[in-house]
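This briefing addresses buried acidic side chains and aromatic pairing. Please consult the sequence and structure shown below.

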Amino acid sequence: MDNKKLAFSKTNYLIMGAGLVVLLLGFVLMSSDSETYGFGVLGLTVGPIVVVLGFIIEFVAILYNPKNHK
C-alpha cells in the first residue's frame, strides 16, 4: 500500500476550521441586523469586517507551512 501524505497538516485544518467559524459568525451578524434591509451597524460595518477577517484566516491557513523539527 502506498503511504500518501495529505496536502495540509493538522494545524492547517485547525486554522481552516477557525476561519469557517469566523465566516459563519460574520454572516450571522449581517443577517441578524434589526434595521430595515440590514442597513444598521451590524449589517453594513461589523458583519462585513468579520467576514473579511474570516477570508484572511482562510488565506493564512492555506499558506501556513509548519516547521517539522526532526
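The points below are grouped by topic. The model is predicted, and two buried acidic residues, E58 and D33, are treated before the aromatic rings.

**E58**
- E58 belongs to helix α2, which spans residues 41–63.
- The residue is buried and forms no salt bridge; K10, the nearest side chain of opposite charge, is 17 Å away. A salt bridge requires the charged atoms to be within 4 Å.
- Apart from residues up to four places away in sequence, E58 touches M16, G19, L20 and L23.

**D33**
- D33 sits in the loop that lies between α1 (10–31) and α2.
- D33 is likewise buried without a salt bridge; for this residue the nearest side chain of opposite charge is K10, 38 Å away.
- The side chain of D33 has a polar atom 2.7 Å from the backbone nitrogen of G40.
- The D33 side chain also reaches the backbone nitrogen of G43, at 3.0 Å.
- When neighbours within four places in sequence are left aside, the contacts of D33 are G38, F39, G40, V41, L42 and G43.

**Aromatic pairs**
- The structure contains 2 aromatic pairs.
- One of them joins F8 and Y13 in an edge-to-face arrangement, with 5.9 Å from centre to centre and 90° between the planes.
- F8 is partly exposed because its relative accessible area is 28%, and the limits for that class are 20% and 50%.
- Y13 is also partly exposed, with a relative accessible area of 40%.

How values were computed
Residues numbered from 1 in each chain as written. Predicted model: local features only at pLDDT ≥ 70, side-chain atom pairs only at ≥ 80, totals over all residues. Heavy atoms only, no water. Helix = DSSP H or I, 4+ residues; strand = E, 2+ residues; numbered from the N terminus. Buried < 20%, exposed > 50% of the residue type's maximum accessible area, 1.4 Å probe, protein only. Lys, Arg positive; Asp, Glu negative; His and termini not counted. Contact = heavy atoms within 4.5 Å. Phe/Tyr/Trp six-rings, centres within 6.5 Å; stacked < 30°, edge-to-face > 60°. Polar contact = N/O pair within 3.5 Å; in protein donor to acceptor, adjacent residues only side chain to side chain.
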